[in-house]
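Biologist: Before we discuss any detail, could you put the sequence and the structure in front of us? I would then like to ask what lies behind each of the words you use.

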Amino acid sequence: MSYAILGPSGCGKSTLLNIMTGIRKPKKGDLYFDGYKVDFWGSTGRKMFISYTGYVPQESNLIPELSVLDNLLLWYQDKRELEYTLNNGFLGAIGINQMLHLKAGKLSGGMKKRVSIGCALAGNPPILMLDEPDAALDLPGKEEIRRYLDMYRHCGGTVLVATHDEGDLDICDRVYALRNGKAMEIERTLRGNELLRYILN
């Protein structure tokens, strides 16, 4: 399954993802994974976030001076897992095994995003969350990232995307508009002015 969160800048999309991935603690409210309540302040909370979620921020989180392989090794504690997924798994399917020795700082925007997705999938989390995954990418780059996310969804993963781009909705099963701190499900086929009315009103 894949889900999209829409809303104008400043409505709280990034904050919501930061809370759902354990980067920020909420002032109030509860979060559940598979029916289990997350203890934000306890020792088990961090383990739960790592087990359930992989996060791709809007800006690149790669260390530009390091190679792609070295960036991946910072995230993959089990080198056998990394080797397997590069040769037989999702990382190989999206072509990361072809750029291992390139410096991260020399990659194109689309290639950086692919590697960031690869880092986020360390440990095989069932939920992949992305904040504006195709921001600053050209049209071919956007389509490439959407193709990879759709592939991940069809491999059994769950994708949650915070986005401004209507094109991202084409790979999403459910769409939510975030307004005044509340998420409201809307028709996934809405586009153009009809979509704007739900987001802005």
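Modeller: A salt bridge here is a side-chain nitrogen of Lys or Arg within 4 Å of a carboxyl oxygen of Asp or Glu. Please keep in mind that this is a predicted model, with a mean pLDDT of 87 for the protein and 99% of its residues at 70 or more.

Biologist: What makes Arg-146 and Asp-165 a salt bridge?

Modeller: Their closest N and O atoms are 3.0 Å apart, and because the limit is 4 Å, the pair qualifies. Arg-146 belongs to helix H7 (residues 139-154), whereas Asp-165 sits in the loop between strand S6 (158-162) and strand S7 (174-179), so the bridge ties together parts that are 19 residues apart in sequence.

Biologist: Why is Arg-146 called buried?

Modeller: Its relative accessible area is 7%, and since buried means under 20%, the word applies to Arg-146. Asp-165, at 18%, also counts as buried by that limit.

Biologist: Which salt bridge does Arg-146 form with Asp-168, and what is the N to O distance?

Modeller: The side chains of Arg-146 and Asp-168 meet at 2.8 Å, N to O, and this pair links parts of the chain 22 residues apart, with Asp-168 in the loop between S6 and S7. Asp-168 has a relative accessibility of 3%, and therefore counts as buried. Through shared partners, salt bridges join Asp-134, Lys-142, Glu-143, Arg-146, Asp-165 and Asp-168 into one network.

Biologist: How do you know that Asp-30, which meets Lys-37 in a salt bridge, is exposed?

Modeller: Exposed means over 50% relative accessible area, and Asp-30 has 52%, so the word holds for Asp-30. The distance between the side chains of Lys-37 and Asp-30 is 3.4 Å, N to O.

Biologist: Is Leu-74, in helix H3 (residues 68-75), buried or exposed, and why?

Modeller: Leu-74 has 54% relative accessibility, and therefore counts as exposed. Together with Ile-63 and Trp-75, Leu-74 forms a nonpolar patch on the surface, with about 300 Å² of accessible area.

Biologist: And why is Asn-18, in helix H1 (residues 13-20), called buried?

Modeller: The relative accessible area of Asn-18 is 15%, so Asn-18 falls under the 20% limit. Leaving out residues up to four places away in sequence, Asn-18 touches Ile-23, Arg-24 and Tyr-55.

Biologist: Where is confidence lowest, and where is it highest?

Modeller: Confidence is lowest in helix H8 (residues 192-200), at a mean of 77, and highest in H3, at 95.

Technical notes: Residues numbered from 1 in each chain as written. Predicted model: local features only at pLDDT ≥ 70, side-chain atom pairs only at ≥ 80, totals over all residues. Heavy atoms only, no water. Patch = residues over 30% accessible without salt bridge, like charges linked within 9 Å, V, L, I, M, F, W, Y side chains within 5 Å. Areas by Shrake-Rupley, 256 points an atom, 1.4 Å probe, with all protein chains shown as cover. Buried < 20%, exposed > 50% of the residue type's maximum accessible area, 1.4 Å probe, protein only. Contact = heavy atoms within 4.5 Å. pLDDT = per-residue confidence, 0-100. Helix = DSSP H or I, 4+ residues; strand = E, 2+ residues; numbered from the N terminus.
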